[in-house]
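Open the model in a viewer and keep the selection panel at hand. The stops below are meant to be taken in order.

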Amino acid sequence: MEAKKVLQIVRALDFAAWAHSAQRRKGGAREPYVNHLTEVARLVAMATGGNDEKLIIAALLHDVLEDQSMHVNYEMLVGNFGKRVANIVREVTDDKSLPKAERKRLQVVHAPHLSRRAKILKIADKSANLNSILQTPPHDWSATRKRKYFTWAAEVVDGCRGVNAWIEAVFDERLSLGKF
Ligand code: ZN
């Protein structure tokens, strides 16, 4: 890989670790949030054979616009990582001004209209979330809540299919483990 691409990826990792430094996963193990970002980045990197550095960078940054603690905005992403990366991140970002149920409904509605890269990222994100629920679920989540999350994630992913067989197989494998 060209030196420039490696530099951009490392910069994105550092930026993401900074932007989410105060955040933890809501799972029982309370992992640092950056672990979620590196898992999603690994999944998209493997899905694309390491050939799409913009997608890896977008994966590292994919939750940065939703977490408001560091006030990162779209323009900051454009300035630091370019418009194409910023656009992928924006595509997978929920509108936080809407109630949670509406945001979840819109993810299902919007999924088929996402770009190819955003679809791969969405499937990787949902795969990582299923794994977290399987491995270290939040203590207060009932079996029903876990089941509901799996059903909803599958609906979102169904709208993203047809872009990358590898990541879809990862998702399906994790989905099949969700016997709650
Ligand atoms: Zn995420």
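In which helix is Ser-132 found? Select Ser-132 in this predicted model: the residue is found in helix H7. Ser-132 counts as buried, because its relative accessibility is 18% and the limit for buried is under 20%. Show its contacts next. Leaving out residues up to four places away in sequence, Ser-132 touches Arg-25 and Pro-137.

**Helix H7**

Extend the selection to the whole of H7, residues 116–135. H7 has 20 residues and reaches 29 Å from its first C-alpha to its last, close to the 28 Å expected at 1.5 Å a residue. Of those 20 residues, 16 are buried, so H7 is largely enclosed by the rest of the structure.

**The zinc site**

Stay on H7 and pick Asp-125, then the zinc ion. Which residues coordinate the zinc ion? The donors are His-36 (NE2), His-62 (NE2), Asp-63 (OD) and Asp-125 (OD), at 2.1 to 2.5 Å. Read off the angles between donor atoms at the ion: the 4 donor atoms subtend 80 to 173°, which makes the arrangement irregular. For tetrahedral, all angles would have to lie between 85 and 135 degrees, so that label does not apply. As a reference for the viewer's angle tool, ideal angles at a metal are 109.5 degrees for four tetrahedral donors.

Along the sequence, the donor residues follow the spacing H-x25-H-D-x61-D. His-36 lies in helix H2 and Asp-125 in helix H7, so this pair ties together parts that are 89 residues apart in sequence. Are His-36 and Asp-125 buried or exposed? Both are buried.

**Helix H2**

Follow His-36 into its helix, residues 33–47. H2 has 15 residues and reaches 22 Å from its first C-alpha to its last, close to the 21 Å expected at 1.5 Å a residue. Colour by accessibility: the buried residues of H2 include Tyr-33, Leu-37, Glu-39, Val-40 and Leu-43, along with the zinc donor His-36. The buried residues of H2 pack against H1, H3, H7 and H9. Just past the helix, select Gly-49, which follows H2 and has a positive phi near 60°.

Now widen the view to residues 33–130, where UniProt places the feature "domain: HD" in an unreviewed entry. Over that range the chain is 67% helix and 0% strand. The C-alpha atoms at its two ends are 15 Å apart.

**Helix H1**

Select residues 3–19, which form helix H1. H1 has 17 residues and reaches 24 Å from its first C-alpha to its last, close to the 24 Å expected at 1.5 Å a residue. Which residues of H1 are buried? They are Ile-9, Ala-12, Phe-15, Ala-16 and Ala-19. These residues cover an arc of only 125° around the axis, which puts them on the same side of H1. An α-helix has 3.6 residues a turn, so residues three or four places apart point the same way.

Rotate to the face turned away from the buried side of H1, which carries the exposed residues Ala-3, Leu-7, Val-10 and Asp-14. Then turn back: what covers the buried residues of H1 includes H2, helix H3 (53–60) and helix H4 (74–81).

**Two loop residues with positive phi**

Go to the loop between H1 and H2 and select Arg-30. Phi of Arg-30 is near 50°, a positive value in a residue other than glycine. At 44% relative accessibility, Arg-30 counts as partly exposed.

The loop between H3 and H4 holds His-71. His-71 also is not a glycine, and its phi is positive, about 55°. His-71 is exposed, with a relative accessible area of 60%.

**Towards the end of the chain**

Select Thr-144 in helix H8. At 40% relative accessibility, Thr-144 counts as partly exposed. Draw a C-alpha to C-alpha distance from Thr-144 to Phe-180: the two are 36 residues apart in sequence and 7.3 Å apart in space.

The last stop is Gly-162, in the loop between helix H8 (143–158) and helix H9 (165–176). At 71% relative accessibility, Gly-162 counts as exposed. Gly-162 and Thr-151 are 11 residues apart in sequence, and their C-alpha atoms are 19 Å apart in space.

Note on methods:
Residues are numbered from 1 along each chain as its sequence is written. This is a predicted model: local features need pLDDT of at least 70, side-chain atom pairs count only at pLDDT 80 or more; totals for chains, interfaces and linings use all residues. Side-chain values use heavy atoms; hydrogens and water are left out. Donors are N, O and S atoms within 2.8 Å of the metal (3.2 Å for Na, K and Ca); water is not among the atoms, so sites may look incomplete. Four donors count as tetrahedral if all angles lie between 85 and 135 degrees; four count as square planar and six as octahedral if opposite donors are over 155 degrees apart and all others between 65 and 115; anything else is irregular. Helices (H or I, at least four residues) and strands (E, at least two) are DSSP runs, numbered from the N terminus. Buried means under 20% relative accessible area, exposed over 50%, partly exposed in between (1.4 Å probe, protein chains only). The expected span of a helix is 1.5 Å times one less than its number of residues. The arc is that of the directions from the helix axis to the C-beta atoms. Contact means heavy atoms within 4.5 Å. UniProt positions are given in the numbering used here, feature names are shortened, and annotations may be inferred rather than shown by experiment.
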